[in-house]
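Thanks for coming. I will take one structure today and walk through its fold, strand by strand and then through the core.

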Amino acid sequence: SNKTPMTLTNGMPAYFLSVTSGSGFNAMKIYEVIWFDGFRGVAISIRGRLGEITDAEAKAALADASPVRFP
């Protein structure tokens, strides 16, 4: 998997992850943004078949994440 530090829209530190699972025609690409707000871990994700969505498209789709609680 690939883990990249990022900052959410309200300044909360987070990680952008990309994971590939399966093989052949069943291969999937999963993109996640994860963060910890002091009480819980939060993950949002977008997934598609391998080649169906790019890293840039996934980052754009998940870029508006904004947690309501900031430590």
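How many bridges join β2 to β3? There are 7, and the two strands run antiparallel. Keep in mind that this is a predicted model.

Now the sheet as a whole. Four strands make it up, in the order β1-β2-β3-β4, and the sheet is open, with antiparallel pairing. At the edges sit β1, residues 2-7, and β4, residues 41-49, each of which pairs on one side only. From one strand to the next the twist averages 20°.

I will go along the sheet from the β1 edge. β1 pairs with β2, residues 13-21, in the antiparallel sense, over 6 bridges. Two pairs show the register. T7 is opposite P13 in β2, and M6 has A14 in β2 as its bridge partner. The hairpin of β1 and β2 has 5 residues between the strands, and G11 in this hairpin has a positive phi near 95°.

Next is the pairing of β2 with β3, the one I opened with. L17 has E32 in β3 as its bridge partner, and V19 stands opposite I30 in β3. This hairpin has 6 residues between the strands, and here G22 takes the positive phi, near 80°.

The last pairing is β3 with β4, antiparallel over 9 bridges. F36 is matched with G41 in β4. Between these two strands the hairpin has 4 residues, and G38 in the turn has a positive phi of about 100°.

Then the helix. What does α1 lie across? Helix α1, residues 55-62, lies across β2, β3 and β4, and it runs at about 40° to β3.

That takes us to the core. The largest nonpolar core has 11 residues: L8, M12, A14, F16, Y31, V33, W35, I53, A58, L62 and A65. β2, β3 and α1 each supply at least two of them. Which element gives the largest share? That is β3, with 3 residues.

L8 is a useful place to look at this core in detail. Leaving out residues up to four places away in sequence, L8 touches A14, V33, W35, A65 and P67. A14, V33, W35 and A65 are listed in the core along with L8. A14 is also the residue that bridges to M6.

One more residue, Y15, which lies in strand β2. Why is Y15 classed as partly exposed rather than buried? Its relative accessible area is 36%, and buried means under 20% while exposed means over 50%, so Y15 falls in between.

Y15 has contacts on two sides of the sequence. Again leaving out residues up to four places away, Y15 touches K3, T4, P5, M6, E32, V33 and I34. Of these, M6 is the bridge partner of A14, and E32 is the bridge partner of L17. Y15 and E32 are 17 residues apart in sequence, and their C-alpha atoms are 8.0 Å apart in space.

To recap: an open antiparallel sheet of 4 strands, a helix lying across β2, β3 and β4, and a largest nonpolar core of 11 residues. That is what I have for today.

Conventions. Residues numbered from 1 in each chain as written. Predicted model: local features only at pLDDT ≥ 70, side-chain atom pairs only at ≥ 80, totals over all residues. Heavy atoms only, no water. Pairing = 2+ DSSP bridges. Axes fitted to C-alpha atoms, helices over the stretch in contact; angles between N-to-C directions. Contact = heavy atoms within 4.5 Å. Core = buried A, V, L, I, M, F, W, Y, C linked by side-chain atoms within 4.5 Å. Buried < 20%, exposed > 50% of the residue type's maximum accessible area, 1.4 Å probe, protein only.
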